[in-house]
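User: I would like a close look at the salt bridges, with enough of the surroundings to see where each partner sits. Please explain your terms as you use them.

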Amino acid sequence: LPTGSVIQIQSSASTTKLNTSSSTFADVAGLSISFTNKFSNSKLIFICHNHVYVGTSGSNQWNGVDFRILKDTTEIYTGAPGYGVGHYGASDATDRYMGYQYFSAEHSPSSTSTFTYKVQCATVQGSGANEINESNYGGGGRLIIMEISV
């Protein structure tokens, strides 16, 4: 195949809410794909989005969540360590943030073995109630993996 050709695409969707106020990363339900490269020298392109509601945990502080992608148990992507996506709470502690978080990543597995790729989320600032892919607030999340010839 010519360089840059799409060899295969797989996707998964999440419609199950993840509640988190923990700094420990947890799986985003539904955003896991068992993937086998057709060629060992291919690149994988990951495209992901999640609906994010970041609550507040007090006034005058940053509140945020972050996402990462694991290949089996090895982290291959992390978003913005330290702050993530979120907001700075006002003095009356009533600020909240809601929107879609989009990110993409690239990975070279150098193998044709089957790996499980999954998306996880954690609270990286604050301790408020954060909700990922809450169906009452917006659509769910999606993970897309494309194998690209190099």
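Analyst: A residue is called buried under 20% relative accessible area, exposed over 50% and partly exposed in between (1.4 Å probe, protein chains only). This is a predicted model, with pLDDT of at least 70 required for local features and 80 or more for side-chain atom pairs, while totals for chains, interfaces and linings use all residues. Numbering starts from 1 along each chain as its sequence is written, and side-chain values use heavy atoms, without hydrogens or water.

The protein chain has a mean pLDDT (the predictor's confidence per residue, 0 to 100) of 91, and 95% of its residues reach 70 or more. Confidence is lowest in strand E7 (residues 85–88), with a mean of 80, and highest in strand E11 (residues 141–148), at 98. Strands (E, at least two residues) are DSSP runs numbered from the N terminus.

The model holds four salt bridges, each a side-chain nitrogen of Lys or Arg within 4 Å of a carboxyl oxygen of Asp or Glu. One of them joins Lys17 to Glu134, with 3.0 Å between the closest N and O atoms. Lys17 is in the loop between strand E1 (6–14) and strand E2 (18–20), and Glu134 is in the loop between strand E10 (130–132) and E11, so this pair ties together parts 117 residues apart in sequence. The partners are not equally accessible: Lys17 is partly exposed at 37%, whereas Glu134 is buried at 7%.

Lys43 and Glu106 make another salt bridge, at 3.1 Å from N to O. This pair also links distant parts of the chain, since Lys43 belongs to strand E4 and Glu106 to strand E8 (residues 97–107), 63 residues apart. Lys43 is partly exposed, with a relative accessibility of 28%.

A further salt bridge runs between Arg68 and Glu75, whose closest N and O atoms are 3.2 Å apart. Here the basic partner is the buried one: Arg68 has 18% relative accessibility, while Glu75 is partly exposed at 39%. Arg68 is part of strand E5 (residues 62–71).

The side chain of Arg68 also has polar contacts (N or O pairs within 3.5 Å, one atom able to donate a hydrogen and the other to accept it; residues adjacent in sequence count only if both are side-chain atoms). The one to the side chain of Glu75 is 3.2 Å, and the one to the side chain of Gln120 is 2.7 Å. Beyond four places in sequence, Arg68 touches (heavy atoms within 4.5 Å) Phe25, Glu75, Tyr77, Thr78, Lys118, Val119 and Gln120. Glu147, by contrast, is 19 Å from Arg68, C-alpha to C-alpha, and 79 residues from it in sequence.

Glu147 does appear in the surroundings of Asn37, which sits in the loop between strand E3 (26–36) and strand E4 (43–54). Not counting residues up to four places away in sequence, Asn37 is in contact with Gln8, Ser42, Leu44, Pro109, Ser111, Thr112, Ser113 and Glu147. Asn37 is buried, at 4% relative accessible area, and its side chain reaches the backbone oxygen of Phe39 at 3.4 Å.

To sum up the pairs by location, Lys17 and Glu134 connect two loops, Lys43 and Glu106 connect strands E4 and E8, and Glu75 pairs with Arg68 of strand E5.

How values were computed. Helix = DSSP H or I, 4+ residues; strand = E, 2+ residues; numbered from the N terminus.
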